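Colleague: I'm new to reading protein models, and words like "buried" and "tilted" still puzzle me. Could you take me through some of them?

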Amino acid sequence: CYSTWSLRAWLGLRMAGIEPRIEVVPMKTPEGRARMKAASPTGSLPVLITDAGPIWDSLAIIELAADLAPEADLWPRDPLVRAIARSMAAEMHDSFRNFTWEIPMDLRRAPTPKDIAPETREGVERDIARIQMLWLDALSREDRTDGPYLFGRFTLADAYYAPVVERFHSFAIPVADPIAEYMQVMRAHPLIEEWRNEALKEPWVHDH
């Protein structure tokens with residue numbers, strides 16, 4: 001329900017045709033924190049346990065997925081467009097701190113606006129505007145011809161923004177087309193629906 005980084009990593013692996021064995025960790029319990037510390041060099045999730053050792057960063061995990069399944073074309077094929085898609089993923093990976101703090105992912109939340117504290121509202125609004133600009137830039141590309149996603153086909157750029165789509169939805173952030181259409185298509189993707197259905201079975205609830 002809550003781990004955006006785990007969703008990204010899982011989507012990348014599944015897009016590559018890899019079905020990892022999943023261990024779900026309740027992060028806010030003492031037992032969960034102990035399990036994270038034992039499994040991950042940073043004590044955080046996600047972590048992918050491999051024969052060569054743990055991989056503890058979601059961006060590294062999705063790049064591994066792309067390397068293991070080159071035939072899946074998980075990034076755009078054109079090298080320059082691929083670099084733009086990677087730039088979008090990297091910006092999400094390293095930015096938007098106000099947004100991610102104030103607008104957490106919660107797949108149980110009914111779409112409801114949130115009152116943002118005055119001292120952080122400007123930063124949150126700036127992050128939301130930048131995210132929408134990134135989406136609009138991708139969705140309006142002239143070379144985007146083979147699908148409804150950011151770069152046409154469903155790529156790792158979409159995987160990286162999937163949790164953001166869920167946040168926009170659950171906090172009822174107002175959007176217009178083509179972003180509204182993009183969000184609708186994203187939330188209906190079979191892999192994202194599968195994750196959501198499994199998340200709703202979790203027994204623990206976090207308050208935001």
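Modeller: Happy to! Let's begin with two rings: tryptophan 10 and tryptophan 195 are both buried. Keep in mind that this is a predicted model.

Colleague: What makes the pair of tryptophan 10 and tryptophan 195 tilted?

Modeller: Two values decide that. Ring centres must lie within 6.5 Å to pair, and planes between the 30 and 60 degree cut-offs count as tilted. Here the centres are 5.2 Å apart and the planes stand at 55°, so the pair is tilted. The two partners come from distant parts of the chain, with tryptophan 10 in helix H1 and tryptophan 195 in helix H9, 185 residues apart.

Colleague: And why are tyrosine 149 and phenylalanine 154 called edge-to-face?

Modeller: Planes over 60 degrees apart earn that name. For tyrosine 149 and phenylalanine 154, the angle is 75°, with 5.1 Å from centre to centre.

Colleague: How do you know whether tyrosine 149 is buried or exposed?

Modeller: Buried means under 20% relative accessible area. Tyrosine 149 has 12%, so this residue counts as buried. Phenylalanine 154 has 14% and is therefore buried too.

Colleague: How many aromatic pairs are there in the whole structure?

Modeller: A search finds 7. Ring pairs also join Phe99, Trp135, Tyr161, Phe168 and Tyr182 into a cluster.

Colleague: Let's turn to a helix. How do you know that the length of helix H6 agrees with its number of residues?

Modeller: Helix H6 covers residues 118–139, which makes 22 residues. At 1.5 Å a residue the expected span is 32 Å, and the end C-alpha atoms are 32 Å apart, so the two agree. Its buried residues include Val124, Ile128, Leu134 and Trp135. The buried residues of H6 pack against helices H4, H5, H7 and H8.

Colleague: Which residues lie nearest the centre of the largest pocket?

Modeller: Those are Ser6, Arg21, Ile22, Glu23 and Val24, out of 32 lining residues. The pocket holds about 990 Å³ of space. Helix H1 gives the most to this lining, with 5 residues.

Colleague: What kinds of residue make up that lining, by class?

Modeller: The lining of the largest pocket has 21 nonpolar, 3 polar and 8 charged residues.

Colleague: And what lines the second largest pocket?

Modeller: That one has 20 lining residues, with Tyr2, Ser3, Met27, Lys28 and Pro104 nearest its centre. About 430 Å³ of space lies inside the second largest pocket. Its lining divides into 9 nonpolar, 5 polar and 6 charged residues. H1 and helix H5 each supply at least two of them.

How values were computed
Residues numbered from 1 in each chain as written. Predicted model: local features only at pLDDT ≥ 70, side-chain atom pairs only at ≥ 80, totals over all residues. Heavy atoms only, no water. 1 Å grid on protein atoms, 1.4 Å probe; cavity = no way out; pocket = protein on both sides within 12 Å on 5 of 7 lines; lining within 4 Å. Points joined across faces, edges and corners; volume = space filled by probe spheres on them. Helix = DSSP H or I, 4+ residues; strand = E, 2+ residues; numbered from the N terminus. Nonpolar A, V, L, I, M, F, W, Y, C, P; charged D, E, K, R; others polar. Expected span 1.5 Å × (residues − 1). Buried < 20%, exposed > 50% of the residue type's maximum accessible area, 1.4 Å probe, protein only. Contact = heavy atoms within 4.5 Å. Phe/Tyr/Trp six-rings, centres within 6.5 Å; stacked < 30°, edge-to-face > 60°.
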